[in-house]
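Student: I'm new to this one. Please walk me through a single part of it, slowly and up close.

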Amino acid sequence: MKKHFIGMLLLSLMIVVLAAGCGADDSASSASTEPAKEKSTAEQAITECVSHFGEAGVSASDLYVTDENSWFGLKATPWLKREQIISGAKLQKVENLRIENVKDEGKYVKADLTYDIGNQHFEKQPNLFVRGDDGKLRVAYDRVVKVTEYKAVPSIHMPGVKISCKIGETLDCNGYILALAFRNEGKRGYSFGWVEPAYYDLVTAAGTLHPTPLSLNGTVVIDYKPVHNLKLAPHGNDCWIYIPYSGKPDGIKTIDIDGFYPLTGGGLPASPSPAHLTLTLTKK
């Protein structure tokens with residue numbers, strides 16, 4: 001179960017990355033079908049970044065922003081090294097790349113990319129790149145540019161379960177991304193949702209936020225699809241929950257999770273009725 005879940009997670013993460021607009025070809029020149037013309041410095045840097053996707057031996061730090069305020073800071077947990085997050089993930093090639101509407105803001109570069117992955121065509125996907133101290137552009141995964149870590153105290157006694165909670169602020173999508181990571185070193189398993197998916201409300205001083213896709217200029221760039229029966233298996237297994245919210249979650253108080261099931265030793269719900277799990281949050 002652990003290997004299957006991690007494999008599915010890695011696949012889903014890379015699909016999101018690629019759907020957000022970065023991929024590869026064997027060279028910068030073959031990655032673009034634009035008529036020959038002199039490209040801007042930002043266009044050259046974007047093409048260089050995209051050209052590295054799919055290449056063997058390219059490290060994560062060459063492709064993604066890896067400081068604590070990036071996607072890696074959002075997803076990395078105290079028990080998981082950043083390099084392990086995409087280890088083994090297969091990057092695909094992007095073909096017929098076209099770069100439009102480039103906005104070079106110094107540290108951040110925005111552009112719309114049109115490209116093909118296999119038989120899928122992506123038209124004018126909004127992308128965000130971050131320029132490092134070395135001058136190279138790297139992908140800002142899901143546009144996360146600031147991360148805040150919280151201590152999460154569960155309302156249900158969960159022996160052996162560790163919880164990591166972080167919230168990432170997006171640059172220009174007017175939203176936030178909640179990242180929950182669970183490690184279960186106990187003897188009992190749990191499930192988020194069963195026949196129906198679990199629901200995750202973010203309770204703030206200003207009101208309650210519900211999960212929602214985040215859009216930019218009418219294009220969904222961070223999607224939300226409820227997951228049924230997301231299991232946290234016992235004996236050293238991990239589980240990630242990754243949810244976007246619109247608005248400004250100032251004064252965050254709790255995460256209320258409906259559809260939470262403690263499991264029996266056979267992996268079935270201990271009760272036919274779901275439990276309500278509340279995580280009380282305080283900044284670390």
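Student: How much accessible surface does the chain have, and what share of it belongs to carbon and sulfur atoms? After that, please zoom in on the open sheet of 4 strands.

Tutor: This is a predicted model, where local features need pLDDT of at least 70 and side-chain atom pairs count only at pLDDT 80 or more, while totals for chains, interfaces and linings use all residues. Residues are numbered from 1 along each chain as its sequence is written, and side-chain values use heavy atoms, leaving out hydrogens and water.

Your surface first: it comes to about 13,800 Å², with 51% belonging to carbon and sulfur atoms (Shrake-Rupley method, 1.4 Å probe). The chain holds 5 helices and 16 strands, which are DSSP runs numbered from the N terminus (H or I, at least four residues, for helices; E, at least two, for strands).

Now the sheet. Its order is E1-E2-E3-E4, and the pairing is antiparallel; two strands pair if DSSP finds at least two bridges between them. E1 (95-104) and E4 (137-139) sit at the edges with a single partner strand each, so one side of each has no neighbour in the sheet. On average, neighbouring strands here are turned by 35 degrees against each other, ignoring direction.

Look inside at E2 (residues 108-117) and E3 (residues 120-131): they pair in the antiparallel sense over 9 bridges. You can spot Lys110 opposite Leu128 in E3.

Finally, helix H2 (residues 41-51) lies across E1, E2, E3 and E4, where contact means heavy atoms within 4.5 Å. H2 runs at about 140 degrees to E1; axes are lines fitted to C-alpha atoms, for helices over the stretch in contact, and angles go from 0 to 180 degrees between N-to-C directions.
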